[in-house]
Amino acid sequence: MRLLVLLWGCLLLPGYEALEGPEEISGFEGDTVSLQCTYREELRDHRKYWCRKGGILFSRCSGTIYAEEEGQETMKGRVSIRDSRQELSLIVTLWNLTLQDAGEYWCGVEKRGPDESLLISLFVFPGNRYLSFPRLGTGAAEGRGRGGGA
């Protein structure tokens with residue numbers, strides 16, 4: 001029983017994860033977002049990828065983009081991916097976000113047996129992040145709250 005508790009504890013300890021990164025990222029329509037997934041040293045020479053999660057009963061990938069040579073940016077549509085083996089990180093950038101981009105994605109590393117992967121949720125908000133407000137002109141509202149006036 002103690003062995004089982006010890007093994008379970010090892011699985012839950014911080015830093016055990018093969019991949020680390022954000023659980024959620026967000027942006028507005030038209031924005032560009034970037035994220036970084038870091039991986040353990042033993043995964044340095046393995047193939048890395050980014051894909052959209054699909055499937056209901058079984059997880060599968062769609063729109064997979066693979067990192068190519070060390071430090072070289074690979075592009076597919078509005079997505080780029082770059083593996084920085086020196087920094088043990090995978091950098092993913094998504095340009096010109098649309099509402100249809102919202103969903104769940106895998107940041108993954110291929111290896112013998114099940115891949116190491118991190119599930120990341122992307123939220124895309126409608127509209128523009130830069131809201132414009134009407135300018136307050138001179139008038140009755142100006143000067144309210146100041147002392148000593150009529």
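These are my notebook entries on the sheets, loops and surface of one protein chain.

**Entry 1: the chain as a whole**

I note at the start that this is a predicted model. I counted the elements of the protein chain and found one helix and 10 strands. I then read them off from the N terminus: the order is α-β-β-β-β-β-β-β-β-β-β, with the helix ahead of the strands.

I looked up burial next. Of the 150 residues of the protein chain, 28% count as buried. The exposed surface of the protein chain comes to about 10,700 Å², and carbon and sulfur atoms supply 54% of that area. For contacts I took pairs at least 6 apart in sequence, and 55% of these join residues at least 24 apart.

**Entry 2: the mixed sheet**

I traced an open sheet of five strands in the order β2-β10-β9-β4-β5, and its pairing is mixed. Its edge strands are β2 and β5 (60-66), each of which pairs on one side only. I also looked up the twist: neighbouring strands of this sheet are turned by 30 degrees against each other on average, direction ignored.

I went through two of the pairings. Strand β2 (residues 24-28) runs parallel to strand β10 (residues 116-125), and five bridges join them. In that pairing I found Ile-25 opposite Leu-122 of β10. Strand β9 (residues 103-109) pairs with β10 in the antiparallel sense, over seven bridges. Here I wrote down two positions: Gly-108 stands opposite Ser-117 in β10, and Glu-104 has Ser-121 of β10 as its bridge partner.

I checked how the chain gets from β9 to β10. The two strands form a hairpin with six residues between them. Gly-113 sits in the turn and has a positive phi of about 85 degrees.

**Entry 3: Phe-123 in β10**

I picked out Phe-123, whose place is in strand β10. How buried or exposed is Phe-123? Its relative accessible area is 39%, so I list Phe-123 as partly exposed. Leaving out residues up to four places away in sequence, I found that Phe-123 touches Glu-24, Ile-25, Ser-26 and Gly-27. I also looked up a C-alpha distance: Phe-123 and Glu-29 are 94 residues apart along the chain, and their C-alpha atoms are separated by 10.0 Å.

**Entry 4: the antiparallel sheet**

I traced another open sheet of five strands, in the order β1-β3-β8-β7-β6, with antiparallel pairing. β1 (19-20) and β6 (74-76) stand at its edges; each has a single partner strand, so one side of each is left without a neighbour in the sheet.

For the edge strand β6 I looked up the partner. Three bridges join β6 to strand β7 (residues 79-84), and the two run antiparallel. Within this pairing, the bridge partner of Thr-74 is Ile-81 in β7.

**Entry 5: positive phi in two loops**

I kept in mind that most residues other than glycine have a negative phi. I then recorded two residues that have a positive value.

Leu-88 lies in the loop between β7 and β8 (89-94). Its phi is near 55 degrees, a positive value in a residue other than glycine. Is Leu-88 buried or exposed? Leu-88 has 18% relative accessibility and therefore counts as buried, the cut-off being under 20%.

Asn-96 lies in the loop between β8 and β9. Phi of Asn-96 is near 45 degrees, again a positive value in a residue other than glycine. With a relative accessible area of 45%, Asn-96 is partly exposed.

**Entry 6: a nonpolar patch**

Which residues form a nonpolar patch on the surface? I found Ile-56, Leu-57 and Phe-58, which together have about 480 Å² of accessible area. I placed Phe-58 in the loop between β4 (48-54) and β5. The relative accessible area of Phe-58 is 66%, so I list Phe-58 as exposed; the cut-off for that word is over 50%.

Terms used:
Residues are numbered from 1 along each chain as its sequence is written. This is a predicted model: local features need pLDDT of at least 70, side-chain atom pairs count only at pLDDT 80 or more; totals for chains, interfaces and linings use all residues. Side-chain values use heavy atoms; hydrogens and water are left out. Two strands pair if DSSP finds at least two bridges between them. Helices (H or I, at least four residues) and strands (E, at least two) are DSSP runs, numbered from the N terminus. Buried means under 20% relative accessible area, exposed over 50%, partly exposed in between (1.4 Å probe, protein chains only). Contact means heavy atoms within 4.5 Å. Accessible areas come from the Shrake-Rupley method with a 1.4 Å probe; for residues, only the protein chains shown count as cover. Axes are lines fitted to C-alpha atoms, for helices over the stretch in contact, and angles run from 0 to 180 degrees between N-to-C directions. Patches are made of residues with over 30% relative accessible area and no salt bridge: like charges are joined within 9 Å, nonpolar side chains (Val, Leu, Ile, Met, Phe, Trp, Tyr) within 5 Å. A salt bridge is a side-chain nitrogen of Lys or Arg within 4 Å of a carboxyl oxygen of Asp or Glu.
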